[in-house]
Amino acid sequence: FKCVTQVLSKSADSDPQPDQTDLSAVLSAVCKDLSGDLVFLIDSSGSIYPQDYEKMKDFMKFVISRSFIGRNEVHVGVLQFSSSPQPEFDLRSFFSKEEMLQAIDGMQQLGGGTLTGDALTAVSQYFDSALGGRPHLQQRLVVVTDGQAQDEVRGPAEALREKGVKIYAIGVVDANTTQLLEISGSHDRMYSGRDFDALKDLESLLALQLCDPERGEVPKHTCVLLIFSDGLDDDIMKLEQESDLLRQSGTL
C-alpha cells in the first residue's frame, strides 16, 4: 500500500489549488512504471472558437507533460478531425515530451463539419503495429468534441473497443451526451462540461485515471492526500473533497 502526501500552501485571497509541481509529484508517484499507447482524437470543426481550440491543445499538453514518455513507456499520437480526419502524429513519431508539445503547438484548426464516426474509423489504425501501436499493452483513446456528430458513431466506437482500446469521451458546450456514451461505452469514461474551461477541471482527474493499466483508474493501493498548511478546517474540507474524488474513481 502506497500513500502520497502533498503539503500545499495557499494565500489568504485565493482558492486552495494545487500548483503544477504538486500535481506532477502526485502523478509521478502513482503513474511510474506504467507503459501504453495514448491517442487524442480532437474535434477541429468550424463551430469551435479559436480560443477554445487553443484550450484543447493546452489540455493535451498538460496530460502529456504529466505522463512518462519514452520508447519503453507511454507513446502518444494525435489526430484531429472535422469533415475529414487529419493525422498529426502517430505512436511511432516522437518519444520525447518536447517533440510532442512542439508538434501540438504547431497544429492549425481545420474548420468544417463534425464527422466523428469517420474519425473513429480512421484513428483505429493508430493502434495497429504498423503505425507503432502495441496491442499487448494498455491502449487508450481520448475523444474531445463540442457538438453532435453528423454521422454514426456507435459502430466505429464498438469496433475500437473490440480491439481492446479503452475510450474516454469528453464533450463540451453542445455535445450530445447520448453519443458520448456510445463512444465511450461507459458512464465512467464519459465527461460533459458547459464550456472549454471545464477541461481545466478534468486535466488532473483524467491524467490520474489514465494511469491504471487494468481499469483506467488510480491504482487501488494508492492514496493521495493534498494537505493545505493554512488552517485545519480548510485542510479537512479539502481532504473530504479529495476522498470523494478517490471514491468516484474506485480507489476508496
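**Exercises on a predicted model**

**Exercise 1.** How do H5 and H6 pack, and at what angle?

*Solution.* Start with the geometry in this predicted model. Helix H5 (residues 154-162) packs against H6 at about 30°, and the two axes lie 7 Å apart. Next, apply the cut-off: angles under 35 degrees count as roughly parallel. H5 and H6 are therefore roughly parallel to each other. Now look at the residues that meet. H5 brings Arg154, Ala157 and Arg161, while H6 brings Glu182, Ile183 and Ser184. Sorted by class, this contact holds two nonpolar, one polar and three charged residues.

**Exercise 2.** Which residues line the second largest cavity, and which helix gives the largest share of the lining?

*Solution.* Begin with the count: there are two cavities of 30 Å³ or more. The second largest has a volume of about 40 Å³. Its lining consists of Thr116, Thr145, Gly147, Ala149, Asn176, Gln179, Leu180 and Ile183. Helix H6 (residues 177-184) supplies the largest share, three residues. Then sort by class: three lining residues are nonpolar, five are polar and none is charged. Ile183 appears in this lining and also in the contact with H5.

**Exercise 3.** Is Met60 buried or exposed, and which residues does Met60 touch?

*Solution.* First, place the residue: Met60 sits in helix H2 (residues 50-65). Its relative accessible area is 0%. Buried means under 20%, so Met60 is buried. Now list the contacts. Leaving out residues up to four places away in sequence, Met60 touches Phe40, Ile42, Val78, Ile104 and Met107. Take Ile42 as one of these. Met60 and Ile42 are 18 residues apart in sequence, and their C-alpha atoms are 9.4 Å apart in space.

Key
Residues are numbered from 1 along each chain as its sequence is written. This is a predicted model: local features need pLDDT of at least 70, side-chain atom pairs count only at pLDDT 80 or more; totals for chains, interfaces and linings use all residues. Side-chain values use heavy atoms; hydrogens and water are left out. On a 1 Å grid over the protein atoms alone, a cavity is a set of points where a 1.4 Å probe fits but cannot get out, and a pocket is an open set with protein on both sides within 12 Å along at least five of seven lines; lining residues have an atom within 4 Å of a point. Grid points are joined across faces, edges and corners, and a volume is the space filled by probe spheres set on the points. Helices (H or I, at least four residues) and strands (E, at least two) are DSSP runs, numbered from the N terminus. Ala, Val, Leu, Ile, Met, Phe, Trp, Tyr, Cys and Pro count as nonpolar, Asp, Glu, Lys and Arg as charged, and the others, Gly among them, as polar. Axes are lines fitted to C-alpha atoms, for helices over the stretch in contact, and angles run from 0 to 180 degrees between N-to-C directions. Angles under 35 degrees count as roughly parallel, over 145 as roughly antiparallel, 65 to 115 as roughly perpendicular and the rest as oblique. Contact means heavy atoms within 4.5 Å. Buried means under 20% relative accessible area, exposed over 50%, partly exposed in between (1.4 Å probe, protein chains only).
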